[in-house]
Amino acid sequence: SLTIDNKDSNHYLLQFGALSPLLGQTGYEGATDAQKSAYLTYVRTLLSLVGQSEADAAAQADALWAADAKLAAASYSNQELGDVDKTYNLYTMAQLKALFPNVDLDQMFQRTGLTQTNQILVMDPGCLQACAEFFDAAKTPNALELLKAYARLNLANGLGGLLNQEFTDASNAFNLAYFGQGVGPHRVLQAQGRGEGARQALRRH
């Protein structure tokens with residue numbers, strides 16, 4: 001995606017990222033049993049609503065919690081994400097290809113229609129490095145299945161509310177169980193997860 005250059009507001013930079021934890025950087029370590037249960041219930045519900053069996057949805061929810069927790073642990077804190085110097089990390093395409101050797105970044109870049117550049121902003125290198133391991137079967141068992149689970153969850157969480165009331169009800173039930181308050185469809189999840197993640201993620205959800 002394109003973003004304004006924080007060190008020169010007259011210019012734009014290409015920004016690259018991948019996955020970010022659904023609950024943001026602070027949502028996993030120290031989560032209570034009740035909060036973790038709320039997350040797992042929500043994810044299982046969404047995956048079931050998009051066609052996964054009950055057993056598969058449960059297994060994928062457990063895998064996604066573990067993966068999200070890993071991303072969160074590797075991510076910058078909220079305070080660090082507000083530090084312009086700390087989040088101003090310019091990568092070359094060669095560096096990104098070295099991180100994601102199994103991803104055709106040339107084809108992905110071509111589809112954006114943007115002019116190729118070797119100044120690509122990565123706001124959270126730790127999160128990106130952790131994410132890169134999910135694209136490497138040698139480092140992440142069942143890597144492809146994990147990525148498919150992420151794709152299902154991100155689509156269901158982002159667009160499910162447009163499909164039917166069940167997605168909205170699941171979102172409200174999660175927000176009430178996790179945060180103790182009920183709000184509109186996906187609002188808290190998007191504010192907590194995407195609001196933080198958007199600063200380092202190539203928007204895909």
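Trainee: Which exposed residues does the face of α8 turned away from its buried side carry?

Mentor: In this predicted model, that face carries Q165 and L176. Each counts as exposed because its relative accessible area is over 50%.

Trainee: Which residues of α8 are buried?

Mentor: They are F167, T168, A170, S171, F174, N175 and Y178. Seen down the axis of α8, the buried residues fall within an arc of 160°, and therefore they line one face of the helix.

Trainee: How do you know that the span of α8 agrees with what a helix should show?

Mentor: Helix α8 comprises 15 residues, 165-179. At 1.5 Å a residue, the expected span is 21 Å, and the end C-alpha atoms are 21 Å apart, so the two values agree.

Trainee: What caps the N-terminal end of α8?

Mentor: The cap is N164, which has a side-chain oxygen 2.9 Å from the backbone nitrogen of E166. This distance is within 3.5 Å, so the pair meets the distance limit for a polar contact. After α8 comes G180, with a positive phi near 80°.

Trainee: Why are α1 and α2 called oblique to each other?

Mentor: Helix α1 (residues 33-49) and helix α2 (residues 54-74) pack at an angle of about 130°, with their axes 9 Å apart. Angles over 145 degrees count as roughly antiparallel and those from 65 to 115 as roughly perpendicular; the angle here belongs to neither range, so the pair is oblique. The crossing of α1 past α2 is right-handed.

Trainee: Why does N142 count as exposed?

Mentor: Its relative accessibility is 62%, and the cut-off is over 50%, so N142 is exposed. N142 lies in the loop between α6 and α7, and its phi is positive, near 55°.

Key
Residues are numbered from 1 along each chain as its sequence is written. This is a predicted model: local features need pLDDT of at least 70, side-chain atom pairs count only at pLDDT 80 or more; totals for chains, interfaces and linings use all residues. Side-chain values use heavy atoms; hydrogens and water are left out. Helices (H or I, at least four residues) and strands (E, at least two) are DSSP runs, numbered from the N terminus. The expected span of a helix is 1.5 Å times one less than its number of residues. Buried means under 20% relative accessible area, exposed over 50%, partly exposed in between (1.4 Å probe, protein chains only). The arc is that of the directions from the helix axis to the C-beta atoms. A polar contact is a pair of N or O atoms within 3.5 Å; within protein, one must be able to donate a hydrogen and the other to accept it, and residues adjacent in sequence count only if both atoms are side-chain atoms. Axes are lines fitted to C-alpha atoms, for helices over the stretch in contact, and angles run from 0 to 180 degrees between N-to-C directions. A crossing is left-handed if the near helix is turned anticlockwise from the far one by less than a right angle, and right-handed if clockwise.
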